[in-house]
Number of protein chains: 2
Amino acid sequence: MNAKKAVERQTGVALWRQIADLIRLSISNGDYDQTGMVPPETVLAGQFGVNRHTVRSALAALANEGLVQAIQGRGTMIQRKERLSFPISRRTRFSQGLGDQARETEARLLAKATVPVAGDVAKGLKIDPGALCIQLDLVSSADGRPVSCSTSFFPQSRFPAMAEEFERLRSITKAFAAQGLADYVRISTELVARHADAGELALLRLSPGAIVIEATAINADPEGVPVQFSRTRFAADRVKLKIET
Amino acid sequence: MNAKKAVERQTGVALWRQIADLIRLSISNGDYDQTGMVPPETVLAGQFGVNRHTVRSALAALANEGLVQAIQGRGTMIQRKERLSFPISRRTRFSQGLGDQARETEARLLAKATVPVAGDVAKGLKIDPGALCIQLDLVSSADGRPVSCSTSFFPQSRFPAMAEEFERLRSITKAFAAQGLADYVRISTELVARHADAGELALLRLSPGAIVIEATAINADPEGVPVQFSRTRFAADRVKLKIET
DNA sequence: TATAGTTGTCTATATTAATAGACATTTCGG
DNA sequence: CCGAAATGTCTATTAATATAGACAACTATA
């Protein structure tokens, strides 16, 4: 694993961004744990085979994310180093799974609406196209850092007060419970990874070019009747999805 | 969904690459299914708010991937449009799960070695650090297109002939069977998404800047004793991972 | 067969990314 | 308190990216 780390030219991705991504990866892999510092700029420039200024651009981007902090004369220190491990199982819930990985989790409501659904959503919820659903858009954070943003649909006929209950209780699980659904399970999850779009960049406070993992999931009541269709976009560099079978 | 698609400047990702990524996404979303063609360059340039030449660079990249083909006077036709759905469950196997999605699947052996393992691998396999394992590096393809590349470790003491059996039978499942292990199950899968490195770009024939999903998995025999530790990198734009709980 | 609509090619220019080198400034240990 | 090692700042140059416009070449159709 001592090979020169690879950056490529003329790919449409600036060298400084490729290098920033690689350093971010090394940090979360714990490669620099012994010192708690990023190697000196000249060393990195040598490893990547680029000019020191290019490395400085990469480090500036990481400093802008709050991941590292450079101190003149000393070096560049690692400020944060995390990748939340996120369980996906039949009993997936946002806040629970994080357990003691974060001191504080929060789900903020961005938007609520009552909309007719069709296509994927209607099919997933096994309801007729055009039927009304409550739509909730959320951003979930751990320790103040956004981790995911999601759009969920709930059949209005069954959960007419979903939006209000969520605002009151600030938890999907509790909002379900308040409307008579004590338990639910994940029956389907599909994952796709792609570049974040502009809206996601803003919501998740990502730097452009960042990656999101999009999880399309369906939750159902114990009888198997779908109760929630959700599309959650995780900031890929902040999470590790752990599948429990 | 009629909003102008967003591209951002000065992000370290060239506009033509951002646009190529967005068009690729639209293609796999089926946005152009009615015509089977990408909209004209001038229309795309308007949508993205860039010069036509910039769109042409994006389309040239996609043509280079074999995703589209431009024909002078007619337009730019979509050549391929797929995303293999890849099941992940207790019974995950490569070729089986793809079912009728591909006519032909292949696993090619890149390298074999006997190596002492440590760290993650030893811990995952529940063996002592320094114990010997058979390491197999594979590239898996469906219909001639590489889908994933993987590195697997098998305890040498239990499966001494893993490499040879795999070369003979061209299947992990069959190689296990030939060494007395009739059945195995997935006990752990962790997913991370990141940019592909140079080696992966070459192996999976990806265009630079592409995304891979890295799945770190452990398979065990029916008694729960780990038999395989694998790290598989999927070409993110070619697969959809379907988690079955 | 004319023509509208499309991709292909060329030239020119401006902006951004990357390299190169020099030197200032700060920190820390001997 | 000196000097090695690190980051900060500046100038200059080259290469890659993006814009702009004009026109050629090809396709389909009215």
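## Strand C up close

Look at B:Gln72: one of its polar side-chain atoms sits 3.2 Å from a sugar or linking oxygen of DNA strand C. That is a polar contact, meaning a pair of N or O atoms within 3.5 Å; within protein, one atom must be able to donate a hydrogen and the other to accept it, and residues adjacent in sequence count only if both atoms are side-chain atoms. This is a predicted model, where local features need pLDDT of at least 70 and side-chain atom pairs count only at pLDDT 80 or more, while totals for chains, interfaces and linings use all residues. As for bookkeeping, residues are numbered from 1 along each chain as its sequence is written, chains are lettered from A and ligands numbered from 1 in the order in which they are written, and side-chain values use heavy atoms, with hydrogens and water left out.

Chain B reaches strand C in other places too. A backbone N or O atom of B:Glu41 is 3.0 Å from a phosphate oxygen of DNA strand C, and a polar side-chain atom of B:Thr76 is 3.5 Å from a phosphate oxygen of that strand. The elements giving two or more residues to the surface near strand C are helix H1 (15-29) and helix H3 (52-65) of chain A, plus helix H3 (52-65), strand S2 (68-71) and strand S3 (75-78) of chain B. Here helices (H or I, at least four residues) and strands (E, at least two) are DSSP runs, numbered from the N terminus.

## Who surrounds strand C?

In total, 24 residues surround DNA strand C, with A:Leu15, A:Trp16, A:His53, A:Thr54 and A:Gln72 the closest. A residue counts as near if one of its heavy atoms lies within 4 Å of the molecule or strand. H3(B) supplies the largest share of this surface, 3 residues.

By class, the surface splits into 7 nonpolar, 11 polar and 6 charged residues. (Ala, Val, Leu, Ile, Met, Phe, Trp, Tyr, Cys and Pro count as nonpolar, Asp, Glu, Lys and Arg as charged, and the others, Gly among them, as polar.) Which part of the DNA is within 4 Å of the protein? For strand C, 66% of those atoms belong to sugar or phosphate, and the rest to bases.

## Over to strand D

DNA strand D has 25 residues around it, and the closest are B:Leu15, B:Trp16, B:His53, B:Thr54 and B:Arg74. A backbone N or O atom of B:Leu15 lies 2.4 Å from a phosphate oxygen of strand D. The side chain of B:His53 goes for a base instead: one of its N or O atoms is 2.4 Å from a base oxygen of strand D. From chain A, a polar backbone atom of A:Gly73 is 3.5 Å from a sugar or linking oxygen of strand D.

H3(A) gives the most to the surface near strand D, with 3 residues. The class count there is 7 nonpolar, 12 polar and 6 charged residues. Of the strand D atoms within 4 Å of the protein, 68% belong to sugar or phosphate and the rest to bases.

## Two copies, one twist

How do you lay chain B on chain A? Rotate by 180° with 0.1 Å of shift along the axis, and the RMSD is 0.2 Å. The two copies are therefore related as by a two-fold rotation axis. Superposing uses least squares on the C-alpha atoms of residues with pLDDT of at least 70 in both copies.

B:Val13 comes closest to that axis among the residues of chain B, at 2.3 Å (C-alpha). Both copies use the same surface: 100% of the contact residues of chain B recur in chain A. Contact means heavy atoms within 4.5 Å.

## A small sheet in chain B

Chain B has an open sheet of 3 strands in the order S1-S3-S2, with antiparallel pairing. Strand S1 (37-38) and S2 are the edge strands, each pairing on one side only. Strands pair if DSSP finds at least two bridges between them; S2(B) and S3(B) have 4. B:Thr76, which touches strand C through its side chain, is the bridge partner of B:Ala70.

## A buried aspartate

B:Asp221 lies in the loop between strand S9 (211-220) and strand S10 (226-235) of chain B. Buried or exposed? B:Asp221 counts as buried because its relative accessibility is 3%; buried means under 20% relative accessible area, exposed over 50%, partly exposed in between (1.4 Å probe, protein chains only). The side chains of B:Asp221 and B:Arg158 share a polar contact of 2.9 Å.

How values were computed
Ala, Val, Leu, Ile, Met, Phe, Trp, Tyr, Cys and Pro count as nonpolar, Asp, Glu, Lys and Arg as charged, and the others, Gly among them, as polar.
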